Amino acid sequence: MKLILTADVPNLGAPGDIVEVRDGYGRNFLLPQGKAIVATRGAEKQIVDIKRAQLAREIRGTDHANEVKSALEKLTVVINARATADGTKLFGSVTTQDVVAAVKAAGGPSVDKRAVELDGHIKTAGQHPVAIKLHPGVTAKFEIKVVTSA
């Protein structure tokens, strides 16, 4: 089965790559999860758009990664979350998607949620360490502040 990847698939390829996979793998895993589309002439024209979007998100080299790292480490990132009446325990937990949205809201660069590494689940208010892997060998480490809202 010939497919065009729309997301990064480990040991298979990057977004925009045309790959040949077994029918079952494509039909039962890649297509339902939205990680690929069937390779047709019309779909092959979409490869340009997929690659352009990938380049916009990509960190270009170690120098660019270090610039983004310094920008991230200077930010004050605050996440508002609902909590119990005494304000100690959160309803749910803070996710990587919440961290990405808070970084963007604080004026930081857009980062991929898959690059965000949390120290376990964040289920309490306060300061929590976060690491964002920007490039092999370059990781931005900073603290986020989780505050409770009524």
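Two strands are said to pair if DSSP finds at least two bridges between them. With that in mind, the tour of this predicted model may begin.

**The strand pair.** Select β8 (126-135) and β9 (138-149). These two strands run antiparallel and are joined by nine bridges. To view one of these bridges, select Q127 and then its bridge partner in β9, K145.

**The sheet.** Next, add β4 (77-82) and β6 (116-118). The four strands form an open sheet in the order β4-β9-β8-β6, and their pairing is mixed. Which strands stand at the edges? They are β4 and β6; each has a single partner strand, so one side of each is left without a neighbour in the sheet. On average, neighbouring strands here are turned by 35° against each other, direction ignored.

**The helices.** Now select α4 (61-74). This helix lies across β8 and β9, and runs at about 25° to β9. Continue with α5 (96-105), which lies across β4, β6, β8 and β9. The angle between α5 and β4 is about 130°.

**The cores.** Show the side chains of L72, V99, I132, L134, F142 and I144, which have the most contacts inside the largest nonpolar core, a set of 26 residues. Two or more residues of this core come from each of α4, β4, β5 (89-94), α5, β8 and β9. Which element gives the most? The answer is β9, with five residues. Finally, select L5, V19, L30 and A36: they are among the seven residues of another core, which lies apart from the largest one.

Methods
Residues are numbered from 1 along each chain as its sequence is written. This is a predicted model: local features need pLDDT of at least 70, side-chain atom pairs count only at pLDDT 80 or more; totals for chains, interfaces and linings use all residues. Side-chain values use heavy atoms; hydrogens and water are left out. A nonpolar core is a set of buried Ala, Val, Leu, Ile, Met, Phe, Trp, Tyr and Cys residues joined through side-chain atoms within 4.5 Å. Buried means under 20% relative accessible area, exposed over 50%, partly exposed in between (1.4 Å probe, protein chains only). Axes are lines fitted to C-alpha atoms, for helices over the stretch in contact, and angles run from 0 to 180 degrees between N-to-C directions. Contact means heavy atoms within 4.5 Å.
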